[in-house]
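Colleague: Could you walk me through how to read a helix and a cavity in a model like this one?

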Amino acid sequence: MTEARPEAAAAPAALWERDAELAAVTQAMDVLRQDHASRGSLLVLGGEAGIGKTAVLTETRRIAQAHGCTVWSARGGETVTSVPFNVVRQLLQPALVSLMPDEAREYLGDWYDIAGPALGIAEPGERRADPQGVCDGLVAAVTRLARRYWPLVLLIDDAHWADQETLQWLAAFTESLAEQSVLVVVAHRPGEATGERSRHLRAVAAAASRPTVTLSALTPDATAGLTRATIGEHADAPFCREVWAVTGGNPYETVELLAKVQDSGLEAIEASAAELRALNRSARGRGLVARLEGLGIDATRFAWAAAILGTGISVDLVATLATMRREDAERCAELLGAARILTPADPAVRQTGDGELEFVHPLIATAVYNSIPDALRTAMHGVAAQVVTDSGLGAAAASRHLLEVHPDDDPELVEQLREAAREHLAVGAPEAARRCLERALLEPPEPHVHARVLYELGCATLLTSPVTTIEYLQAALAMPGLDGEVRVDAVYRLSQAQLHNDQLEEAVRTVDAEAARLGPGPARMRLQAVHYMWEGLHAGEEHTPDRSRDLAALAATCTGRDNSERALLILRGFDAMTRGENAEEVVESCDRALVNGRLAPGLGWTDTEWGIELLLMLANAYAYADRLDRADSLYNEALRAYESAGWSGGHLSLAHAYVGLGQRRRGRLQDAERSLRASLRIAERIGRGLPLYWTATCNLVDTLLARGHVAEAWETAERYGFAPPYPSTIVLPDCRSVRGRLLLATGRTEEGVNELEAAEKAALARGHHNPVVAPWGGDLARALAADDPRRAAELAVAVRRQAERFGTDTAIGEAVRVAAFLETGPKAVALHAQAVAYLETSPCAYEHAAARVEYGIAARSAGELRKGLTLARSCGADGLVARALQTLEELD
């Protein structure tokens, strides 16, 4: 037991028997204060209501400040879980208030425009914010502020009532605490959070270096010590024992009960013990409500209004909401303070307005809120929404009250909720936007607005739930009210959601049905382009020559005068590239889609009309047509655009992946590996199995094989599931070809041959005859050279024929390398020399290095080997370096 201290009478009840918890806090603080490079740490406190979590956090603040630490605090609230970024805003207020706007912009740098709107210190941009980007921006913002305010301690109370957006940030931030010099202490009630909030809280707990500390109730001895410290040493043992029995050792209930004992003048002896249960009932639940009602109607109305507001409780706001005079409101505040129901907010704990109030304990706030009659509570939320709006806080701030109002065919309320949804999307809170729009549907909207609300809902859920998006957009399109460009956009977004939900055939039917309704013009052409785009991305589609002929014929009529025509030109170029048609025609088609060599307005990487898929097709067509300068420019432009816009989700993952693909094509293998690992880190948090995940994994395995890191390539494939079944959308380079190459490199020859033969069948079915995109033919020829030389020779001839049809130096040089591998003697040497001649004019440095080394080995030429060795080292191709050095030693 914790012995009674001299200052025990002043000590919070919850600090009795908390020595172990406070020792852990002190130890973590000592580590934090060692130096600026000290590792951060996380402590998680759990326990039932009233068990003393808040008191431990309060003592943590005192200890931290005594040790010279900066402390920021925040608290969740039961009635404000729907307010996005509420808790993280509370947490950062001390730092944000201390910085001038220009200083904050300079200090946060590029993250200012991304995280600033969520924190309420910057106006949102014109485009909807990427939620993952905002989360990353908040992590970066706190990281930078932590360096400025070191040593920094962050305290978050009632995290089970924190908003989803804050918990998403907290999970991401605590995951990176090893790289931060911050102590984070989180208190919550286990089992209270639900849905995504619960998932994020579990992730936070998993990031802690030690298990969650579950606070226990006070023992009978500690309860007796607290009772005597509060009432006096005269309290006898039976009385103290009954205090413990009545409260179960719950510190909050114990304190409230002892306050009641003092107020009632009850004598602390065994004879009075029987009255404790009745006193305890008056301190909580219905007893608390009865006590509140006993203070009078005005005090009750004041407390109800405070509970409705939840946060930012001021006498003026409460007076307005409760429709009472200022002097009456002040009198009620005093009464409620004396009754230990409300108390002045502590500015030392978090930034508060002048005269701001808060409930003494969350249990009291909950009891008061639940005591309001249902109809009156709903009406008060409606008035509160108006009060918040009139105070200039905006539609988003008022929306949490509007969500509680009963549906009543109110067009104005529908518009307020739509505006709130737009504000939520602008700061990166799509879930909050979804709640507003779903509530607007319940009103319901007027007929001419209904389809628009459904459309906006579909757009709001596009990044988070394809299935929900499909439902809303299908319903919107089935109703009158969507016309013109908005309807076409809804059809496009519906098909996009169907694609991401692995319903490609349905996506194609969706755009075809709408295109059939339209007459000739840009709208119809846009949908035709989307049709070809989705078919072009589908890995499972069997090749139909008519499709490519129809696309070529349609593109031939296009001059690039608008984005629909430009899209068709891009799609024609990409289709021709995958089919292995002449590379000059591929480039010519892609060039016609540009305006003065650049992307046209409306076709930028962050524009939503067409999406990322089309532009990646453009860049990839250039990349495999040996126009890597143009491809690299587009890849890097995408990366810059997404980083500056704060898009940290799938778009950024794909940008890193394709920057890596461009680096791999150029032979900058170490740079490629770094970019692809960055892509994979982002893809991991989005979810496995998505096309972007396959793109990152496939290219990383391919790059590691090129480097000669075979064991690492195999480990990567095993770790990230790079094996059948393959995705329904195409991946560049071809997954099966890369998997087959990996199996051969690890000595699994039979499996490798089978995989490459499967790649052959898939490529033929798709009509993909580009030997650079799907390099199965060359690898299969090498694998069969010893056991089936005739088939190997036939494959080599076919690869050469396809390469010459495509016409790039890379394709022909790689085909000649295959032919050289199958020959011996002077003929092999001549072919190796021919491969070098092609590849030294190719932009692909790794393939050039490999050809040089192979030529040097075949010709037994130290000079050629040294040239190949220099190239291999510049590429980071360790396997080639080893081969060249070994042969040079043999020649010496």
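**A cavity and a helix**

Modeller: Let's start with a cavity lining: helix 1 contributes the most to the second largest cavity, with three residues. Keep in mind that this is a predicted model.

Colleague: How does one find such spaces, and how many cavities of 30 Å³ or more are there?

Modeller: The general idea is to roll a probe the size of a water molecule over the atoms, which shows where empty space is left. Here the count is two cavities of 30 Å³ or more, and the second largest has a volume of about 50 Å³.

Colleague: Which residues line the second largest cavity?

Modeller: Glu21, Ala24, Val25, Leu43, Leu45, Val56, Arg210 and Val213 do. Helix 1 (19-32) and strand 1 (41-46) each supply at least two of the lining residues. By character, the lining splits into six nonpolar, two charged and no polar residues.

Colleague: Now helix 21. What span does it reach from its first C-alpha to its last?

Modeller: Helix 21 covers residues 430-442, 13 in number, and reaches 19 Å, close to the 18 Å expected at 1.5 Å a residue.

Colleague: And why is helix 21 described as largely enclosed?

Modeller: A general point helps: an α-helix has 3.6 residues a turn, so residues three or four places apart point the same way. In this case, ten of the 13 residues of helix 21 are buried, so the rest of the structure largely encloses it. Among the buried ones are Arg434, Cys436, Leu437 and Leu441.

Colleague: What covers those buried residues?

Modeller: The cover includes helix 6 (131-148), helix 7 (164-175), helix 19 (395-402), helix 20 (411-426), helix 22 (447-460) and helix 23 (466-477).

Notes. Residues numbered from 1 in each chain as written. Predicted model: local features only at pLDDT ≥ 70, side-chain atom pairs only at ≥ 80, totals over all residues. Heavy atoms only, no water. Helix = DSSP H or I, 4+ residues; strand = E, 2+ residues; numbered from the N terminus. Expected span 1.5 Å × (residues − 1). Buried < 20%, exposed > 50% of the residue type's maximum accessible area, 1.4 Å probe, protein only. Contact = heavy atoms within 4.5 Å. 1 Å grid on protein atoms, 1.4 Å probe; cavity = no way out; pocket = protein on both sides within 12 Å on 5 of 7 lines; lining within 4 Å. Points joined across faces, edges and corners; volume = space filled by probe spheres on them. Nonpolar A, V, L, I, M, F, W, Y, C, P; charged D, E, K, R; others polar.
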